[in-house]
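Biologist: Could you take a close look at one part of this model for me, namely its nonpolar core, and then work outward from there to the sheet and the loops? I would like one connected account rather than a list.

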Amino acid sequence: VLGKISIGAATAAAKSGGNAANTGALTMDATTPVLAGAQVGVYTVRCIAAATNSGTFLVIGPDGRSLGQVLVGATFANQIKFSIADSTQDFIVGEGFDITVAAGSGKYIPSLAAAVDGSQTPDLIASEAVDATLADKELIAFYQGDFNESGLTIGTGHTAASIREGLRVKGINLVPTGTIAY
């Protein structure tokens, strides 16, 4: 069972026009900067309340919806994960950062429930097992049809029951052993 890599890397920069000198920095989490539910596009992180050696920032997703607030020194973890550090000059209202989440490669890999790159959503059924450890490989994959669920290799965290409905709406039906009629 394959999923498509639709989410890429995240990069952060000071907002367009920059911030005042020595106001601090936003640092993406080194291990998991992109979390489940992340969207491709630009997240805005803006100071909405200034404070001495602190400040409150509002995070807006690429779809224009608020994802919450984060204080200087705390970690934000909703779709993206980062922290903001203070420096010698305090942030002022309106200053901030833009975080860009790039589109993924569009390649297909085994779907694992814990993935956060889009591949966690099962999308296709591979026709055969392929070892693409050293290089990308081409294979035939099915986007619709009836498949014997006991014959599938299902990624870690998924079960036939957990992926059945999502695949069904795409035209892939998982059927128990012995129930496929031709």
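Modeller: In this predicted model, the largest nonpolar core has 22 residues, and those with the most contacts inside it are Val45, Phe57, Ile80, Phe82, Ile84 and Ile99. The elements that give two or more residues to this core are strands S2 (7-14), S3 (24-28), S4, S5, S6 (66-71), S8 and S9 (96-103). Apart from this core lies another one, of eight residues, including Val1, Ile125, Phe147 and Leu167. As a general background, nonpolar side chains in soluble globular proteins tend to be buried together.

Two loops that adjoin strands of the larger core deserve a careful look at the backbone. Asn53, in the loop between strand S4 (41-51) and strand S5 (54-60), has a positive phi of about 55° although it is not a glycine. Gln79, in the loop between strand S7 (75-78) and strand S8 (80-86), also is a residue other than glycine with a positive phi, in this case near 75°. Such values stand out because most residues other than glycine have a negative phi. As for their surroundings, Asn53 is exposed, with a relative accessible area of 53%, whereas Gln79 counts as buried because its relative accessibility of 12% falls under the 20% limit.

Turning to the sheet, four strands form an open arrangement in the order S10-S1-S11-S12, with antiparallel pairing. S10 and strand S12 (141-142) stand at its edges, each with a single partner strand, so one side of each is left without a neighbour in the sheet. Within this sheet, strand S1 (residues 2-4) and S11 run antiparallel and are joined by two bridges, and Gly3 stands opposite Pro122 in S11.

Both Gly3 and Pro122 are also among the contacts of Ser111, a residue in the loop between strand S10 (108-110) and strand S11 (122-126). Ser111 is buried, because its relative accessible area is 1%, and, leaving aside neighbours within four places in sequence, Ser111 is in contact with Val1, Leu2, Gly3, Ser119, Gln120, Thr121, Pro122, Gly155 and His158. One of these residues, Gln120, places its backbone oxygen 3.2 Å from a polar atom of the Ser111 side chain. Val1, another of the residues in contact with Ser111, belongs to the core of eight residues, which brings the account back to the topic of nonpolar cores.

Key
Residues numbered from 1 in each chain as written. Predicted model: local features only at pLDDT ≥ 70, side-chain atom pairs only at ≥ 80, totals over all residues. Heavy atoms only, no water. Buried < 20%, exposed > 50% of the residue type's maximum accessible area, 1.4 Å probe, protein only. Polar contact = N/O pair within 3.5 Å; in protein donor to acceptor, adjacent residues only side chain to side chain. Contact = heavy atoms within 4.5 Å. Pairing = 2+ DSSP bridges. Core = buried A, V, L, I, M, F, W, Y, C linked by side-chain atoms within 4.5 Å.
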